[in-house]
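Subject: Handing over the structure

Dear colleague,

Here is the structure that I promised to pass on to you. Please open it beside this email, and then read the notes that follow.

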Amino acid sequence: MCNIETEQKKKVLSCIQPSGMLTLGNYLGALKNWVNMQDEFDCTFAVADLHAITVRQEPAALRSQIYSTYALLLALGIDPEKNTVFIQSHVPFHTQLSWLLSCNTQFGEMSRMTQFKDKSAKHPENVNVGLFSYPVLMAADILLYKPDFVPVGADQKQHLEIARDIAVRFNNKYGDVFTIPEPYIPKTGARVMSLQDPSRKMSKSDDNVNSWVAILDSKDDIIRKFKRAVTDSEACVRFCEEQAGISNLITIYSAVTGKTVAEVEREFEGRGYGEFKLAVGEAVADTLAPIKASYEEIIKDKKALEQLYKEGADKACRQAYKTYNKAMKKVGFVL
Ligand code: AQP
């Protein structure tokens with residue numbers, strides 16, 4: 001008889017870039033699910049610092065963002081004992097495997113990536129080769145750990161597909177090395193839009209600080225940002241495509257309170273935008289307050305943090321080395 005307790009858990013891999021202060025969008029769209037996934041899956045979580053420099057980063061700010069992103073993962077309740085939690089640049093096999101994969105990836109397929117087109121349009125002064133080949137490094141991030149699933153939002157779907165294509169091609173050419181990962185669509189997860197331009201997603205690298213709410217923002221800042229959020233002309237709290245601003249706020253309120261959209265609409269029937277915006281700000285601040293409190297405790301102890309990320313890197317290195325070594329052998333390198 002099959003005992004579910006002794007069955008091996010499926011593997012999941014997920015990464016986040018320390019390219020700014022993590023936002024409410026990162027939390028509701030991804031990180032909240034990471035916390036839930038750790039019971040069901042064998043999880044590998046990485047702070048993808050190498051990816052962050054595809055866009056210019058000020059060195060001191062990057063360093064502090066890497067620390068704070070790692071600490072925030074712990075503050076959210078991600079358990080470094082149960083999972084592998086590490087900083088990408090501490091595991092050299094990511095860039096090394098990326099080279100093997102680059103030589104098995106066509107220029108044409110990279111040129112089709114929409115995120116490259118978007119980001120190069122956003123930063124025309126810095127259209128670097130790293131930005132272009134970012135999906136190959138991401139393929140290496142994934143394939144090294146042989147995950148069964150990779151959670152993806154709509155914006156990363158194309159990159160996971162290319163990782164799968166590269167893996168299939170490599171396996172066909174050299175023999176079985178990589179597991180082909182499946183996309184994992186979490187049961188819950190909201191797409192949060194910018195508070196200043198609800199046609200765009202909330203992004204931590206957006207220059208307009210009023211467009212995003214950081215997980216670590218103060219209560220006053222959170223409420224101020226929601227008060228300033230762009231809304232629509234109908235002046236009623238109703239979810240619909242034409243009212244992108246208010247619909248975004250409804251999505252956020254619903255995600256943090258657990259109420260359905262219909263319940264939110266009923267609760268605010270006949271009440272104005274001002275009252276609703278304040279309620280959203282307060283509900284978000286209340287949700288984020290315990291995370292912020294826990295973060296402040298964790299970040300104080302740099303020594304303990306350092307020990308954890310070093311242990312995480314050791315664990316990750318042991319897994320990554322096996323895959324990398326096998327890939328190198330299959331390609332014909334002398335080891
Ligand atoms: N606005 C969002 N709504 C829902 N989910 C979001 N994610 C990001 N923004 C939203 C999800 O967060 C995870 C980690 O993202 P990332 O940091 O690796 O890169 P990203 O998607 O490019 O996030 P940002 O905030 O927009 O970063 P920048 O500004 O540096 O490009 C992913 O699962 C993502 O879907």
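An N or O atom in the side chain of Lys204 lies 2.4 Å from an oxygen atom of the ligand, which falls within the limit for a polar contact, namely a pair of N or O atoms within 3.5 Å. Taken alone, the ligand exposes 640 Å², and the protein buries 92% of that, where accessible areas come from the Shrake-Rupley method with a 1.4 Å probe.

Before you go further, please keep in mind that this is a predicted model, in which local features need pLDDT of at least 70 and side-chain atom pairs count only at pLDDT 80 or more, while totals for chains, interfaces and linings use all residues. Residues are numbered from 1 along each chain as its sequence is written, and side-chain values use heavy atoms, with hydrogens and water left out.

The ligand has other polar partners as well: a polar side-chain atom of Lys201 lies 2.7 Å from an oxygen atom of the ligand, and a backbone N or O atom of Gly25 lies 3.2 Å from a nitrogen atom of the ligand. There are 18 residues around the ligand, of which Ser19, Val192, Ser203, Lys204 and Ser205 come nearest; a residue is counted as near if one of its heavy atoms lies within 4 Å. This shell divides into 6 nonpolar, 7 polar and 5 charged residues, with Gly counted as polar and Asp, Glu, Lys and Arg as charged.

Strand E1 (11-16) and helix H1 (24-40) each supply at least two residues of the shell, and H1 gives the most, with 4 residues. Here helices (at least four residues) and strands (at least two) are DSSP runs, numbered from the N terminus.

E1, H1 and E2 make a right-handed β-α-β unit, which is to say that, with the strands pointing away from the viewer, the path from the first strand over the helix to the second runs clockwise. E1 and E2 pair in the parallel sense over 6 bridges, pairing being assigned if DSSP finds at least two bridges between two strands, and Leu13 stands opposite Thr44 in E2. On E2 there is a further parallel pairing, with strand E3 (residues 84-87), over 4 bridges, where Val47 stands opposite Ile87 in E3. Because 5 of the 6 residues of E2 (residues 42-47) are buried, that is, under 20% relative accessible area, strand E2 is largely enclosed by the rest of the structure.

With best wishes

Definitions and conventions. A polar contact is a pair of N or O atoms within 3.5 Å; within protein, one must be able to donate a hydrogen and the other to accept it, and residues adjacent in sequence count only if both atoms are side-chain atoms. Buried means under 20% relative accessible area, exposed over 50%, partly exposed in between (1.4 Å probe, protein chains only).
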